[in-house]
Amino acid sequence: MPQQSNIPRWLIALFFLVALAGFVDATYLTVQHFLNVAPPCYILTGCDTVTTSSYSVIVGIPVALLGALYYLFMMVFALFVLDSKKHHLLQHLAFFSWAGIIAAIYFTAIQAFVIKAYCLYCLASAMSSVMLFLIAQHKWRIHKRHMRAISRDSL
Amino acid sequence: MKNTIIWVLFLVVVVGVVVGIIYSAKKGNPDVKDTVYDIQVSEEDQVKGSNNPKLTIVEYSDYQCPACAVYAPVVDEIMKNYGSTTRLVYKDFPLDQHKNGKIASYAAEAAGLQGKYWEMHDELFKTQADWSESETALKTFSEYAANLGLDTKKFAVDVSSDAVKQRVERDITSGKEYRVSYTPTFFLNGKRIENPAGYEAFKTLIDATAK
């Protein structure tokens with residue numbers, strides 16, 4: 001059932017911008033993965049040891065592609081919530097965003113402690129996932145508070 | 001679907017992003033210019049393939065660079081199929097961030113003084129992960145030398161000799177002259193190419209250059 005919500009527009013716009021940035025970033029990494037045999041080692045910035053490591057692929061699927069699909073899914077789902085006005089679905093959006101933050105923490109830890117090298121685009125993606133998580137949780141909290149206020153008023 | 005325009009706009013943005021990224025990635029590296037360098041090949045260079053080549057591939061490479069190790073079997077395959085008309089010149093370009101890259105180059109050059117350059121070259125790339133971060137890489141290379149049947153005493157002297165070091169330094173200097181900024185960097189008949197995505201892509205470039 002369509003519901004009213006008081007989630008600020010700027011927060012919705014920010015969510016889409018961050019998810020789009022994450023999508024662009026992960027798509028770039030995916031394309032690089034499929035087009036390059038191996039990214040070369042540069043004099044100034046060194047080798048791309050992260051995106052060529054064994055951690056960059058999970059059962060044959062590049063992590064970057066999983067990332068791109070995650071961001072795409074988050075955008076489609078958020079657009080669906082917005083379009084259908086079924087704001088209670090924000091609870092699911094907040095739930096799905098846990099996948100992003102867990103992946104962000106896991107892959108940043110792998111870079112820091114196992115590979116001991118960083119990949120700028122991977123860190124940017126981690127940052128996008130953390131931001132999506134925070135926004136999704138915040139949106140859900142705003143909606144919950146709003147619904148509670150409505151039910152209190154109707155009593 | 002109440003707001004069709006928003007969904008269509010969204011689809012356009014997503015498709016646009018994907019197509020744009022693929023297009024710009026395929027368009028290639030703007031650093032690769034059409035400059036053709038007259039890369040000098042001397043008797044001291046490590047060369048294999050045709051003595052009367054139609055095509056010369058010059059490779060600037062680093063034994064500790066993972067991408068170079070990935071390209072090693074690709075180049076090997078190229079030389080197996082095009083060796084009768086093509087010459088491969090391997091030039092050392094060990095990068096500063098690789099702690100054992102230079103020692104590996106010395107080891108290959110020292111093996112070359114006993115006629116086993118390419119055997120050591122192949123071994124170093126195959127075993128790259130074993131010695132890259134090792135504190136005793138030289139000891140490992142001496143074992144490789146022994147396995148290749150080299151005179152290990154001579155190898156030990158050569159690997160730290162000024163002559164071998166100068167060969168490597170000369171390659172590095174020449175690479176900088178030809179604006180090498182990453183490894184591996186390939187030149188086909190003096191023209192720097194974008195690193196090909198695998199054997200087939202490399203083969204296509206060679207066929208096009210040899211025409």
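**Exercise 1. Work out which way the side chains of β2(B) point, and whether they are buried or exposed.**

Solution. Keep in mind that you're looking at a predicted model.
- Step 1: Start with one face. Leu55(B), Ile57(B), Glu59(B) and Ser61(B) point one way from β2(B).
- Step 2: Now take the residues in between. Thr56(B), Val58(B) and Tyr60(B) point the other way.
- Step 3: Check the cover. A residue is buried when its relative accessible area is under 20%, and all of these residues are buried.
- Step 4: Put that together. Strand β2 of chain B covers residues 55-61, and 7 of the 7 are buried, so the strand is largely enclosed by the rest of the structure.

**Exercise 2. Find which strand pairs with β2(B), and how many bridges join them.**

Solution.
- Step 1: Look at strand β3 of chain B, residues 86-92; 7 bridges join β2(B) to this strand.
- Step 2: Follow the directions of the two strands: they run parallel.
- Step 3: Pick out one pair. Tyr60(B) has Lys91(B) as its bridge partner in β3(B).
- Step 4: Stay with Lys91(B) for a moment. Together with Glu44(B), Asp45(B), Arg170(B) and Asp171(B), Lys91(B) belongs to a network of salt bridges.

**Exercise 3. Identify which residues form salt bridges with Asp76(B).**

Solution.
- Step 1: Try Lys48(B). Its salt bridge with Asp76(B) has the closest N and O atoms 3.6 Å apart. This pair links distant parts of the chain: Asp76(B) sits in helix α2 (residues 66-82) of chain B and Lys48(B) in strand β1 (residues 46-49) of chain B, 28 residues apart.
- Step 2: Try Lys80(B). Here the closest N and O atoms are 3.9 Å apart, which fits the salt-bridge cut-off of within 4 Å.
- Step 3: Compare positions. Lys80(B) and Asp76(B) are 4 residues apart in helix α2 of chain B, so about one helical turn separates them.
- Step 4: Check the surroundings. Asp76(B) is partly exposed at 26% relative accessibility, while Lys80(B) is exposed at 62%.

**Exercise 4. Describe the salt bridge between Glu143(B) and Lys139(B).**

Solution.
- Step 1: Get the distance: the closest N and O atoms are 3.7 Å apart.
- Step 2: Place the pair. Both lie in helix α6 (residues 137-147) of chain B, 4 residues apart, so they're separated by about one helical turn.
- Step 3: Add accessibility. Glu143(B) is partly exposed at 41%, and Lys139(B) is exposed at 55%.
- Step 4: Zoom out: over all chains, the structure holds 12 salt bridges.

Key:
Residues numbered from 1 in each chain as written. Chains lettered and ligands numbered in written order. Predicted model: local features only at pLDDT ≥ 70, side-chain atom pairs only at ≥ 80, totals over all residues. Heavy atoms only, no water. Buried < 20%, exposed > 50% of the residue type's maximum accessible area, 1.4 Å probe, protein only. Pairing = 2+ DSSP bridges. Salt bridge = Lys/Arg side-chain N within 4 Å of Asp/Glu carboxyl O.
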